[in-house]
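Student: I am new to this structure and should be grateful for a close look at a single part of it, the largest pocket. Please describe what surrounds that space and how it sits within the chain as a whole.

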Amino acid sequence: ISEKNTKYALSLKKMLSENGVRPAVDLRNEKMQKKIRDAELEKVPYMLIVGEKYWWTNELRDAYNKMQFKTDVVFTGRLAIEELKYIFASALALTYVPYFEGFGIPIVEAMSCDTPVITSNITSMPEVSGDAALLADPFSVDSIKDAMLKITYDEELRKTLVEKGRIRKQLFTWDKTADKLWNCIEKTVGQ
């Protein structure tokens, strides 16, 4: 770990949940909390939740306050891009399983930092991630838990996902986006 990202290396074994308290792990769900405990995910020292608490309700706050391992959940709040890249780079994995999403930029950001990804098996997430991520059902506690366990304890899987992510991320560059936009403009003007 470089000196620059040592600040964020609370542990190399941590999960990163991007985009605030969107229910990547629904803290209100006692079944989720129990399954995580039962699966011994508490051995993973920290789960960082990055972003604003957009969905932070009284119900979520109360559930969080009742959690047995709440000290292992770290809310960073909104971070600058400079900080975020170090968090991505030092994370064991990105857990990003939205119910709805337009594109999924955090998937590509994680791949750009050689961080394996767990994402939704719905919306555009499978299209964006291709075979370079573990897919989980965002409505299934077991599916998310199983993916988190698998990525935590299977080092070969993590290495494979990182390698596939290095290839997959090349499909999503700003140069390619600009070229496609320019082609659309030329096509429209030419009509």
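The largest pocket and its surroundings

Tutor: In this predicted model, α5 supplies the largest share of the lining of the largest pocket, namely four residues. The space inside the pocket amounts to about 290 Å³. Its lining is formed by F103, I105, V108, E109, S112, K169, F172, T173, W174 and T177. Two elements, α5 (105-112) and α9 (174-189), each give two or more residues to this lining. Sorted by class, the lining residues are five nonpolar, three polar and two charged.

Beyond α5, the chain enters the loop that leads to β5 (117-120), and T115 is found in this loop. T115 counts as buried because its relative accessibility is 3%, under the 20% that marks the limit for a buried residue. A polar atom of the T115 side chain lies 2.4 Å from the backbone oxygen of F88. Apart from its neighbours within four places in sequence, T115 is in contact with F88, A89, A91, L92, A93, L94, A110 and V162.

The chain as a whole provides the setting. It contains nine helices and six strands, and 42% of its 191 residues are buried. Of the contacts in the chain with a separation of 6 or more, 67% join residues 24 or more positions apart. The accessible surface comes to about 10,700 Å², and carbon and sulfur atoms account for 53% of it.

Methods: Residues numbered from 1 in each chain as written. Predicted model: local features only at pLDDT ≥ 70, side-chain atom pairs only at ≥ 80, totals over all residues. Heavy atoms only, no water. 1 Å grid on protein atoms, 1.4 Å probe; cavity = no way out; pocket = protein on both sides within 12 Å on 5 of 7 lines; lining within 4 Å. Points joined across faces, edges and corners; volume = space filled by probe spheres on them. Nonpolar A, V, L, I, M, F, W, Y, C, P; charged D, E, K, R; others polar. Buried < 20%, exposed > 50% of the residue type's maximum accessible area, 1.4 Å probe, protein only. Contact = heavy atoms within 4.5 Å. Areas by Shrake-Rupley, 256 points an atom, 1.4 Å probe, with all protein chains shown as cover. Polar contact = N/O pair within 3.5 Å; in protein donor to acceptor, adjacent residues only side chain to side chain.
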